[in-house]
Amino acid sequence: MSEIIALLGYMGSGKSTLGKALATSLKLPFRDLDDQIEAHAGTSIKELFASGGEIAFRKLETQVLTTEVQREQGQVLALGGGTPCYGQNLDILHAAGVKTVYLKLSLVSLLERLKRGRAKRPLIAHLTEEQLEEFIRKHLFERQFYYNQASYVVDVDGLTVEQAVERVARACLYSK
Ligand SMILES: Nc1ncnc2c1ncn2[C@@H]1O[C@H](COP(=O)(O)OP(=O)(O)O)[C@@H](O)[C@H]1O
Ligand SMILES: O=C(O)C1=C[C@@H](OP(=O)(O)O)[C@@H](O)[C@H](O)C1
Ligand SMILES: [Mg+2]
């Protein structure tokens, strides 16, 4: 079976950014599940949430994920923040032999990043800064149950992109 490394973690943890850099470093193709969903739907995530709501988005997410894990060629796949938390998605990943990596970041660091990056994320786009902190605290607590089931948990708090990539690569390549 092909080697697929999937990055998971909360919104803003760096899945898309580190995924691309990790793929370059490992000389593997890179795919972002959100981009694949947008390509499949022919519209943006924002529009998908606006037109069909989160339930429609989650259905499509599982559908596209199922296609992605069946690829023959190895790849680095950046998941969306909610991907491992819905339906059978975690089982789909692990049953296909995908190595999953949880990019773990503190609440403070996530908040700092998401204050600036919330516009393109429909789940938090409408929140004020104060509401954002409350929301992330609770949401992260709920989602950690799923994130902690990843094959590898890598603490990337305070690391540069290069440092984080090295740590993730080491975790995936040199441990069982
Ligand atoms: N060390 C770092 N590692 C990853 N992302 C970082 C880092 N420092 C700053 N960032 C920024 O944090 C944001 C992370 O967003 P992104 O990669 O889209 O995360 P995700 O896909 O997990 O939501 C980007 O704006 C990125 O430029
Ligand atoms: O956490 C979530 O439920 C979501 C995270 C987003 O991806 P990022 O984690 O890359 O922002 C995207 O899939 C969608 O907005 C829903
Ligand atoms: Mg992303």
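The following questions and answers concern two ligands and their surroundings in a predicted model.

Visitor: Which residues come nearest to ligand 2?
Guide: The shell around ligand 2 holds 13 residues. By class, they divide into 5 nonpolar, 3 polar and 5 charged. Those that come nearest are Lys15, Asp34, Arg58, Arg121 and Arg143.

Visitor: Which helix gives the largest share of the shell around ligand 2?
Guide: The share in question amounts to 3 residues. They belong to the element that spans residues 45-69, helix 3.

Visitor: How far is an oxygen atom of ligand 2 from a polar backbone atom of Gly82?
Guide: Ligand 2 has polar contacts with side chains: an oxygen atom is 2.6 Å from an N or O atom of Arg58, and a polar side-chain atom of Arg121 lies 2.6 Å from an oxygen atom of the ligand. With Gly82 the partner is a backbone atom. The distance there is 3.2 Å.

Visitor: What part of the area that ligand 2 exposes when taken alone is buried by the protein?
Guide: Ligand 2 sits in the largest pocket. Taken alone, ligand 2 exposes 380 Å². Of that area, the protein buries 95%.

Visitor: Where does ligand 1 sit?
Guide: Ligand 1 is surrounded by 14 residues, and the closest include Gly12 and Lys15. The space that ligand 1 takes is the largest pocket.

Visitor: Which residue offers a polar backbone atom to a nitrogen atom of ligand 1?
Guide: Two polar contacts of ligand 1 use oxygen atoms of the ligand: one is 2.8 Å from a polar backbone atom of Gly12, and another contact, at 2.4 Å, is with an N or O atom in the side chain of Thr17. The nitrogen contact has a distance of 2.7 Å. Its backbone partner is Leu159.

Visitor: How much of the area of ligand 1 does the protein bury?
Guide: Taken alone, ligand 1 exposes 560 Å². The protein covers part of this, and the buried share is 69%.

Visitor: Which helix gives the largest share of the shell around ligand 1?
Guide: The shell around ligand 1 divides into 5 nonpolar, 6 polar and 3 charged residues. The largest share is 4 residues, and they come from helix 1.

Visitor: Which residues of the UniProt "binding site" set with Gly12 and Arg121 does the lining of the largest pocket take in?
Guide: In an unreviewed entry, UniProt places this feature at Gly12, Ser13, Gly14, Lys15, Ser16, Thr17 and Arg121. Gly12 has its place in the loop between strand 1 (4-8) and helix 1 (15-26). From the set, the pocket lining takes in Gly12, Ser13, Gly14, Lys15, Ser16, Thr17 and Arg121.

Visitor: UniProt also lists Asp34 for "binding site"; in which helix does Asp34 lie?
Guide: The listing, from an unreviewed entry, gives Asp34, Arg58, Gly81 and Arg143. The lining of the largest pocket includes Asp34, Arg58, Gly81 and Arg143. Asp34 lies within residues 33-41, which form helix 2.

Conventions
Residues are numbered from 1 along each chain as its sequence is written. Chains are lettered from A and ligands numbered from 1 in the order in which they are written. This is a predicted model: local features need pLDDT of at least 70, side-chain atom pairs count only at pLDDT 80 or more; totals for chains, interfaces and linings use all residues. Side-chain values use heavy atoms; hydrogens and water are left out. A residue is near a molecule or strand if one of its heavy atoms lies within 4 Å of it. A polar contact is a pair of N or O atoms within 3.5 Å; within protein, one must be able to donate a hydrogen and the other to accept it, and residues adjacent in sequence count only if both atoms are side-chain atoms. Accessible areas come from the Shrake-Rupley method with a 1.4 Å probe; for residues, only the protein chains shown count as cover. On a 1 Å grid over the protein atoms alone, a cavity is a set of points where a 1.4 Å probe fits but cannot get out, and a pocket is an open set with protein on both sides within 12 Å along at least five of seven lines; lining residues have an atom within 4 Å of a point. A molecule sits in a cavity or pocket if more than half of its atoms lie within 2 Å of its grid points. Helices (H or I, at least four residues) and strands (E, at least two) are DSSP runs, numbered from the N terminus. Ala, Val, Leu, Ile, Met, Phe, Trp, Tyr, Cys and Pro count as nonpolar, Asp, Glu, Lys and Arg as charged, and the others, Gly among them, as polar. UniProt positions are given in the numbering used here, feature names are shortened, and annotations may be inferred rather than shown by experiment.
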